[in-house]
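Here is a short briefing to read beside the structure. Keep the model open and look up each residue as you go.

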Amino acid sequence: MTQLPILSLLTFLPLVGAVFILTIRGDEAIVKRNARHVALWTSVINFALSMFIWVHFDTTTADFQFVESKPWMPAFNIGYKMGIDGISMLFVLLTTLLTPICILASWENINDRVKEYMISFLVLETFMIGMFCALDLVVFYIFFEAVLIPMFLIIGVWGGPRRVYASFKFFLYTLAGSVLMLLAIMAMYFDAGTTDIPGLMVHRFPPERQTWLWLAFFASFAVKIPMWPVHTWLPDAHVEAPTAGSVILAAVLLKFGGYGLLRFSLPMFPDASVMFTPLIYTLSIIAVIYTSLVALAQEDMKKLIAYSSVAHMGFVTIGAFTLTVQGIEGAIYQMLAHGVISAALFLIVGVVYDRIHSREIAAYGGLVHRMPGYSLIFMVFMLGSVGLPGTAGFVGEFLVLVGAFKANTWVAAFAATGLILGAAYMLYLYRRVIFGSLTKDSLAAIKDLSLREFAIFAPLLVLVIWMGIYPAPFLDIMHVSVANMITQIDSALNASTAISVAGQ
Amino acid sequence: MELFAVFLPLFGALCAGFLVFVRAPETGTPNRIDTTAQWVTSSAMILAAVAAGAVFWDVVLGNNPHTVELFTWIDSGAMEVSWAIKLDTLSSVMLLMVTTVAAVIHVYSIGYMSHDHSIPRFMSYLSLFTFFMLMLVSADNLVQLFFGWEGVGLCSYLLIGFWYDRPAANAAAIKAFVVNRVGDFGFALGIFAIFVLFQTVDYDTIFAAVAGKATATMVVFGIEFHAITVCAVLLFIGAMGKSAQLGLHTWLPDAMEGPTPVSALIHAATMVTAGVFMVVRMSPLFEYSDTALTLVTVVGASTAIFAATVACVQNDIKRVIAYSTCSQLGYMFFAAGVSAYSAGVFHLVGHAFFKALLFLGAGSIIHAMSDEQDMRKMGGLWKLIPVTYALMLIGSLALAGIWPFAGYYSKDVILEAAYAANTLAGGYAFWMGIAAAFLTAFYSWRLLIMTFHGTSRASAKALAHVHESPKVMIVPLFVLAAGAMFMGYLGFESFVGHNAEQFWGQAILVLPSHPALEASHGVPLWVKYLPLAVGVAGIALAYVLYMGLPSLPGVLAGRMRWLYQFLLNKWYFDELYDLIFVRPAFYLGRGFWKAGDGALIDGVGPDGISAAVKHLAKRAGALQSGYLYHYAFAMLTGVVVLVTWYLFGHGS
């Protein structure tokens with residue numbers, strides 16, 4: 001529909017910005033200032049560019065759009081191919097929206113190696129967008145893995161006191177899963193003779209091979225999501241990461257796993273997916289209940305929100321594997337909503353961390369007396385996390401649970417306990433931080449949100465309410481792609497049942 | 001017009017909410033911004049009430065039920081949900097009742113909260129609450145109902161915890177939200193079940209299809225159940241949470257930590273009746289499940305008697321009224337349970353007036369007594385605050401069901417219908433209802449006597465302060481008192497009498513097999529007079545115990561120590577729940593965290609592996625001893641092993 005290579009532009013523009021920052025020379029203060037401004041403007045322009053997709057995206061087709069294809073290693077039938085459909089499109093926008101927010105959130109609290117920090121963030125944005133747009137397995141894998149490097153650096157260089165432990169834990173966990181995925185990618189290539197993702201989606205892998213491929217991909221995605229019991233890297237990574245690092249980690253990186261399940265596991269290995277559905281349900285339900293209870297016992301704000309992320313992502317995996325329209329759309333919506341809400345919650349922790357330098361819940365109390373604006377914004381996102389109807393969090397959870405109830409009432413009932421536990425730990429957190437009398441000396445002079453901080457929250461605030469009250473524009477984008485995916489999976493499943501029946 | 005009725009409160013809430021942030025904290029009273037907030041929200045509410053009156057005129061009297069669709073909310077596959085305002089008799093009645101009571105309470109709050117430091121915030125929450133309540137009653141589908149349902153829960157949470165410096169208020173607020181969430185858990189599953197059964201969540205489509213699904217079954221938790229029963233029971237669990245029915249009632253008494261106007265509006269007149277409203281709204285569904293109806297009847301009747309027993313021994317004036325609310329909600333439920341839905345709504349509307357009156361009257365007393373709530377420190381107040389006394393008396397007469405006040409008409413119909421239902425559950429409800437009616441009259445007069453009669457037990461300093469409340473607090477009470485006095489008489493024929501069929505139109509469905517309400521007109525005379533008789537008896541007993549022999553209650557409490565403690569501690573529900581839910585949750589959370597994540601997953605996983613690798617590396621390091629003969633020995637061993645393996649492995 002257009003000749004403009006918009007996806008490549010979106011992907012590589014931040015890289016251009018990063019190179020530009022590299023060239024900044026001069027006085028230290030000027031370097032810092034320029035690095036910040038270049039990073040901010042690059043990411044803002046990138047966000048503006050991404051609005052082009054929002055406007056021109058065709059919601060009536062399930063085909064990949066804005067497709068670009070260039071031969072890369074023609075001898076091996078591997079190409080550079082980009083494109084998006086209704087499943088990946090909104091994640092691209094989520095990334096382009098959150099990167100400038102993250103840069104703005106790091107404006108004052110990062111003073112050390114500002115240049116390198118901004119470069120890391122822009123490079124990270126390139127890799128993230130590339131990952132969501134890639135339509136070739138090799139390209140996908142490169143972006144998927146490359147993301148680890150800037151993230152590893154952000155945690156390891158600008159993180160808290162235990163940053164080295166956290167960054168290595170993060171790196172090793174995710175790498176361990178990825179190695180298996182690489183093997184699976186090679187196996188797929190040998191089986192199908194191509195690494196083209198749309199091609200692989202219609203390729204039928206034999207069911208017994210699907211099992212192994214599915215497990216290999218799952219190893220990687222389960223760590224990223226993260227699913228219980230491979231979630232323990234997340235609380236450490238979040239606690240040690242700088243605020244913006246936590247934001248991007250929770251909002252975008254965690255979505256890689258869920259996106260991967262929807263892009264690869266379900267459409268390419270449908271038989272294996274059905275076979276492993278009970279496993280997914282079990283792990284997800286454990287995630288929802290177990291991590292919610294753990295969240296209840298936390299004493300560190302960031303850890304609490306990190307655990308709540310695991311619980312919320314449990315809903316995503318349940319929804320995806322219900323193989324119902326509501327379940328899958330709910331899963332995607334839940335990821336987007338979680339992207340907005342968890343980002344905001346980490347920013348909220350960041351605001352007080354910048355002032356008091358403590359994440360201990362016990363260090364706070366009675367903030368409402370000095371910070372009414374902050375309290376209101378915290379309240380809105382707290383309610384979003386709790387899934388109050390009228391916020392983004394509700395729509396996703398609701399649709400997932402509808403799908404789950406259709407598929408299996410036990411799953412729906414167990415997952416729905418998350419509604420109760422989620423309310424308990426979030427309200428308990430809010431009470432301890434915001435309510436009560438303000439008695440601590442350290443808080444006596446604490447200031448409410450600055451204009452810059454308010455500007456960070458404003459777009460997220462609009463989104464969380466908009467997505468809660470009028471979700472149609474977002475759901476419309478998914479409808480056709482999700483419907484098409486379900487049809488494809490059903491026909492593949494029917495075909496393999498037919499084969500097995502015929503074989504008997 | 002309906003848009004004004006529903007959205008004016010939201011407008012008021014947003015304006016007042018905005019004013020919270022422009023309010024300069026250190027200026028004298030009356031603060032101009034406070035006054036603006038009060039004016040904007042109160043006038044918006046009064047206008048909304050006028051609009052609701054116009055809607056009632058059009059929809060009920062003009063017989064013009066209709067639905068206004070606003071825009072699409074959630075659309076995913078077959079799940080299509082719109083924002084809409086559905087107007088039929090039921091929602092119009094609720095609309096009018098909610099806006100009227102809310103308007104009264106907004107005006108009252110101007111006086112009651114005049115010394116507070118966050119007036120705009122309070123007014124904003126009140127209006128926001130009203131908006132959610134109106135969204136709840138005017139929904140045309142279950143999901144919008146759920147939106148209003150959780151929204152009022154949120155506002156209830158915010159208002160219970162309004163005085164956020166008080167730890168007890170914060171704890172009560174969280175308790176209210178979380179316990180309601182337990183109910184909502186059932187409610188949500190009910191919505192899912194209905195969606196799976198009917199492929200829709202729209203009322204009209206469900207109601208049209210329900211007869212066709214009368215015998216459908218559904219597999220839930222691996223067991224095959226009657227599908228409609230599953231849906232109805234799950235929905236009812238939600239209703240139990242919101243309407244504080246036995247088992248999920250524990251939050252309501254604690255909710256009295258909020259300011260008194262909140263108790264009147266949310267925890268007496270409107271929000272807590274949402275559960276009853278929902279059961280009535282879903283009457284076409286409940287009608288097809290006798291099991292669900294029986295459950296509703298039994299739970300309602302049990303709550304009625306349980307809460308009444310507890311109310312008899314409480315000393316906090318607001319808690320007495322709170323348990324009374326709980327008990328009266330039980331009446332409404334068992335009315336619905338015996339298919340006398342319209343009688344339930346009749347009681348709901350009357351109750352909204354007289355219970356709000358009692359709460360606001362109690363608020364006036366508390367205001368007069370400089371924030372004292374303990375009735376043991378009151379007494380003899382009637383001469384000092386005669387107007388409040390008269391208003392409280394009217395409220396109590398209505399609550400106790402004395403002719404010709406509102407409660408008389410509705411409670412009688414409910415009890416007669418329970419008797420006429422001629423079922424086991426109906427009989428249980430009837431006798432429990434009679435017993436509760438006796439206790440209701442007793443505790444109401446216990447409250448009146450302890451507060452207003454006898455010699456005062458208050459300190460001289462407190463007594464010197466006692467004064468009648470300002471006009472802005474008294475005049476609104478007259479509106480409620482008028483409702484408490486005349487609502488029963490005026491509404492009787494329309495709600496449950498001869499005009500009922502025409503009045504309700506299509507809003508309520510009662511199957512011919514459930515003729516309790518019809519039959520209630522023909523019950524024996526003793527059934528008709530028994531409620532009034534036990535009411536009078538209850539009042540008489542209260543006079544004997546608290547006026548005639550004021551020492552007797554103490555003696556009785558001492559004699560029946562066990563029973564008294566049991567009632568005083570509210571049947572030990574809180575202690576029980578703390579023991580089986582709250583503590584284990586924290587205990588498990590800590591255990592999963594430290595033992596599960598820490599010791600097990602990390603210990604065996606990443607930390608364990610890294611420790612093992614380190615250990616191995618150390619051992620490997622130790623092997624490199626630097627002595628030649630060590631290396632030679634190792635090499636030799638290797639050669640031997642290789643040769644052996646080669647010989648035996650290949651030889652066989």
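**Positive phi angles**

Gln199(B) sits in the loop between H6 and helix H7 (203-210) of chain B. This is a predicted model. Phi of Gln199(B) is near 60 degrees, a positive value in a residue other than glycine. At 39% relative accessibility, Gln199(B) is partly exposed.

- Phe221(B) is another residue with positive phi, near 55 degrees, and is not a glycine.
- The loop that holds Phe221(B) runs between strand E3 (217-220) and strand E4 (223-226) of chain B.
- Phe221(B) counts as partly exposed because its relative accessibility is 32%, and the partly exposed class lies between 20% and 50%.

**Chain B overall**

- Chain B contains 28 helices and four strands.
- Its C-alpha atoms fill a box of roughly 110 × 65 × 60 Å along the principal axes.
- Chain B has 652 residues, and 58% of them count as buried.
- Among contacts in chain B with a separation of 6 or more, 79% are between residues 24 or more positions apart.
- The exposed area of chain B is about 25500 Å², with 70% of it supplied by carbon and sulfur atoms.
- Chain B carries 31 positive and 36 negative side chains. The centres of these two sets lie 14 Å apart.

**Buried charged residues**

- Lys318(B) belongs to helix H14 (residues 317-337) of chain B.
- Lys318(B) is buried, yet has no salt bridge. The nearest side chain of opposite charge is Asp316(B), 7.0 Å away. Why does that not count as a salt bridge? The cut-off is 4 Å, so a distance of 7.0 Å falls outside it.
- The side chain of Lys318(B) does make a polar contact of 3.1 Å with the side chain of Ser263(B).
- Beyond its neighbours within four places in sequence, Lys318(B) contacts residues including Met256(B), Pro259(B), Phe359(B) and Gln373(B).
- Arg181(B) lies in helix H6 (residues 167-198) of chain B. It counts as buried because its relative accessibility is 2%, and the limit is under 20%.
- Which side chain shares a polar contact with that of Arg181(B)? Glu150(B) does, at 2.6 Å.
- Arg181(B) also touches chain A. Leaving out residues up to four places away in sequence, its contacts include Val386(A), Leu388(A), Leu419(A) and Ala423(A).
- Asp34(B) is part of helix H2 (residues 32-61) of chain B. At 3% relative accessibility, it too counts as buried.
- Asp34(B) and Met123(B) are 89 residues apart along the chain, while their C-alpha atoms are separated by 9.3 Å.

**A buried tyrosine**

- Tyr443(B) is found in helix H18 (residues 424-452) of chain B.
- Is Tyr443(B) buried or exposed? Tyr443(B) is buried, with a relative accessible area of 2%.
- Residues touching Tyr443(B), not counting those up to four places away in sequence, include Ala308(B), Cys312(B), Ser324(B), Gln328(B) and Leu399(B).
- The C-alpha atoms of Tyr443(B) and Ile539(B) are 8.3 Å apart, with these positions 96 residues apart along the chain.

**Cis peptide bonds**

- In chain A, the bond from Trp228(A) to Pro229(A) is cis, with omega near 5 degrees.
- Pro229(A) lies in the loop between helix H9 (207-224) and helix H10 (233-240) of chain A.
- In chain B, a cis peptide bond joins Trp403(B) and Pro404(B), with omega about 0 degrees.
- Pro404(B) is in the loop between helix H16 (386-400) and helix H17 (406-421) of chain B.

Definitions and conventions. Residues are numbered from 1 along each chain as its sequence is written. Chains are lettered from A and ligands numbered from 1 in the order in which they are written. This is a predicted model: local features need pLDDT of at least 70, side-chain atom pairs count only at pLDDT 80 or more; totals for chains, interfaces and linings use all residues. Side-chain values use heavy atoms; hydrogens and water are left out. Helices (H or I, at least four residues) and strands (E, at least two) are DSSP runs, numbered from the N terminus. Buried means under 20% relative accessible area, exposed over 50%, partly exposed in between (1.4 Å probe, protein chains only). Lys and Arg count as positive and Asp and Glu as negative; His and the chain ends are not counted. A polar contact is a pair of N or O atoms within 3.5 Å; within protein, one must be able to donate a hydrogen and the other to accept it, and residues adjacent in sequence count only if both atoms are side-chain atoms. Contact means heavy atoms within 4.5 Å. Accessible areas come from the Shrake-Rupley method with a 1.4 Å probe; for residues, only the protein chains shown count as cover. The place of a charge is taken as NZ of Lys, CZ of Arg, CG of Asp or CD of Glu.
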